[in-house]
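I opened a new notebook page for this structure. My plan is to look things up one at a time and write down what I find.

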Amino acid sequence: MSSQYALFCEDNAQKIFLKEIIPIIIKRTGADYTDFPFSSPEFDKLKVRNKTELKKYFINASKMAFRDFKTKLFIVCFDSDSPKPDEDLRQKKEWQTIKDKENPKNKDKFIFAVTVQSIEHWLCYLKYIKTEPSKLKAGELERFPQDNLKKEIYAKEEYQSITRESIVSDLVSKISLENIDSLRSNSDSFKRFYLDLESFFRKT
């Protein structure tokens, strides 16, 4: 079975978010989304437990995706775990250097989605966009600690992962193009990912 794009993420919250927004962005570029289905179920079973494992295995995972599933785009998502505004760029460049060296044949078929601090920062922006837009201030949320925004999204620290995934699914459901535009206006790290994705599909 072939696939057109594959996701390799640090956690399931990132994957749930990206699966929902990517088709919307593709459609905006004018590309036919039916020509770019999500990766095969076989590849989607690949999981890592943390960022360290993601960094260790993403090259081998990408080689498998390109070789076995005819993937045209490999998207890697991870948290920068830092409040520094440009830390996502620094880490993305570091990972790009690795893929240029280790998978030069497919180096132009990678996109890195790197949050400032954590995926919960993007999710919290989205929550406010949908429910409390008066709370929005560009760049402000990304200065708050990860733990604060995880409590904002999940409400209780003791939530199990499956419950957290359900919360994320509910939050990203029925996301609109207007929501995505607002998110990229408020978060520079999301905007960088959005522009990379848009540029790839406009060239396709």
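**Ground rules.** I call a residue buried when its relative accessible area is under 20%, and exposed when that area is over 50%. I also keep in mind that this is a predicted model.

**Entry: Ser-118.** I started in a loop. Ser-118 sits between strand 3 and helix 5 (119-131). Is Ser-118 buried or exposed? Its relative accessibility is 0%, so I count Ser-118 as buried. I then looked for polar partners. The side chain of Ser-118 meets the side chain of His-121 in a polar contact of 2.9 Å. Leaving out neighbours within four places in sequence, I found Ser-118 in contact with Asp-79 and Gln-146.

**Entry: Thr-115.** Next I went to strand 3, where Thr-115 is found. Thr-115 is buried because its relative accessibility is 0%, and the cut-off is under 20%. Which side chain does the side chain of Thr-115 reach in a polar contact? I found Asp-79, at 3.0 Å. I listed what else Thr-115 touches, not counting residues up to four places away in sequence. The list holds Phe-78, Asp-79, Ser-80, Asp-88, Trp-122 and Ser-189. Asp-79 turns up for Ser-118 and for Thr-115.

**Entry: strand 1.** I moved to strand 1 and checked which way its residues point. Tyr-5, Leu-7 and Cys-9 point one way, while Ala-6 and Phe-8 point the other way. All are buried. With five of its five residues buried, strand 1 is largely enclosed by the rest of the structure. How does strand 1 run relative to strand 2? The two run parallel, and five bridges join them. I noted one pairing: Tyr-5 has Leu-73 of strand 2 as its bridge partner.

**Entry: helix 1.** I took the start of the helix first. Asp-11 caps the N-terminal end of helix 1. A side-chain oxygen of Asp-11 lies 3.1 Å from the backbone nitrogen of Ala-13. Then I checked the length. Helix 1 has 18 residues, which should span 26 Å at 1.5 Å a residue, and its end C-alpha atoms are 26 Å apart, so the two agree. Helix 1 still has a kink of about 25 degrees at Ile-21. The proline Pro-23 comes shortly after that kink. Just past the helix, Gly-30 has a positive phi of about 95 degrees.

Why do I call helix 1 largely enclosed by the rest of the structure? Because 13 of its 18 residues are buried. I picked Ile-26, which lies in this helix. Ile-26 is buried, at a relative accessible area of 0%. I also paired Ile-26 with Lys-45: they are 19 residues apart in sequence and 24 Å apart in space, C-alpha to C-alpha.

**Entry: the cores.** I looked up the largest nonpolar core, which has 42 residues. Phe-17, Leu-18, Ile-21, Ile-75 and Phe-193 touch the most other members. Helix 1 (residues 12-29) gives the largest share of this core, nine residues. A second, separate core has 18 residues, including Phe-8, Val-48, Ala-65 and Val-114. I followed Phe-193 further, not counting residues up to four places away in sequence. Phe-193 touches Leu-18, Ile-21, Ile-75, Ile-111, Phe-112, Ala-113 and Trp-122.

**Entry: helix 3.** I turned to helix 3 (residues 51-68), which reaches 24 Å from its first C-alpha to its last. That is close to the 26 Å expected. Where is the kink in helix 3 centred? I found the kink, about 50 degrees, centred on Tyr-57. Asn-50 caps the N-terminal end of helix 3, with a side-chain oxygen 3.2 Å from the backbone nitrogen of Thr-52. Lys-70 follows helix 3 and has a positive phi, near 55 degrees. Among the buried residues of helix 3 I noted Leu-54, Phe-58, Ile-59 and Phe-66. Their cover includes strand 1 (5-9), strand 2 (73-79) and helix 4 (87-102).

**Entry: Lys-92.** My last stop was helix 4, where Lys-92 lies. Lys-92 is buried, at a relative accessible area of 11%. Lys-92 and Phe-112 are 20 residues apart in sequence and 6.5 Å apart in space, C-alpha to C-alpha. Not counting residues up to four places away in sequence, Lys-92 touches Phe-112, Val-114 and Asp-196.

How values were computed:
Residues are numbered from 1 along each chain as its sequence is written. This is a predicted model: local features need pLDDT of at least 70, side-chain atom pairs count only at pLDDT 80 or more; totals for chains, interfaces and linings use all residues. Side-chain values use heavy atoms; hydrogens and water are left out. A nonpolar core is a set of buried Ala, Val, Leu, Ile, Met, Phe, Trp, Tyr and Cys residues joined through side-chain atoms within 4.5 Å. Buried means under 20% relative accessible area, exposed over 50%, partly exposed in between (1.4 Å probe, protein chains only). Helices (H or I, at least four residues) and strands (E, at least two) are DSSP runs, numbered from the N terminus. Contact means heavy atoms within 4.5 Å. The expected span of a helix is 1.5 Å times one less than its number of residues. The bend at a residue is the angle between axes fitted to the seven residues ending there and the seven starting there. A polar contact is a pair of N or O atoms within 3.5 Å; within protein, one must be able to donate a hydrogen and the other to accept it, and residues adjacent in sequence count only if both atoms are side-chain atoms. Two strands pair if DSSP finds at least two bridges between them.
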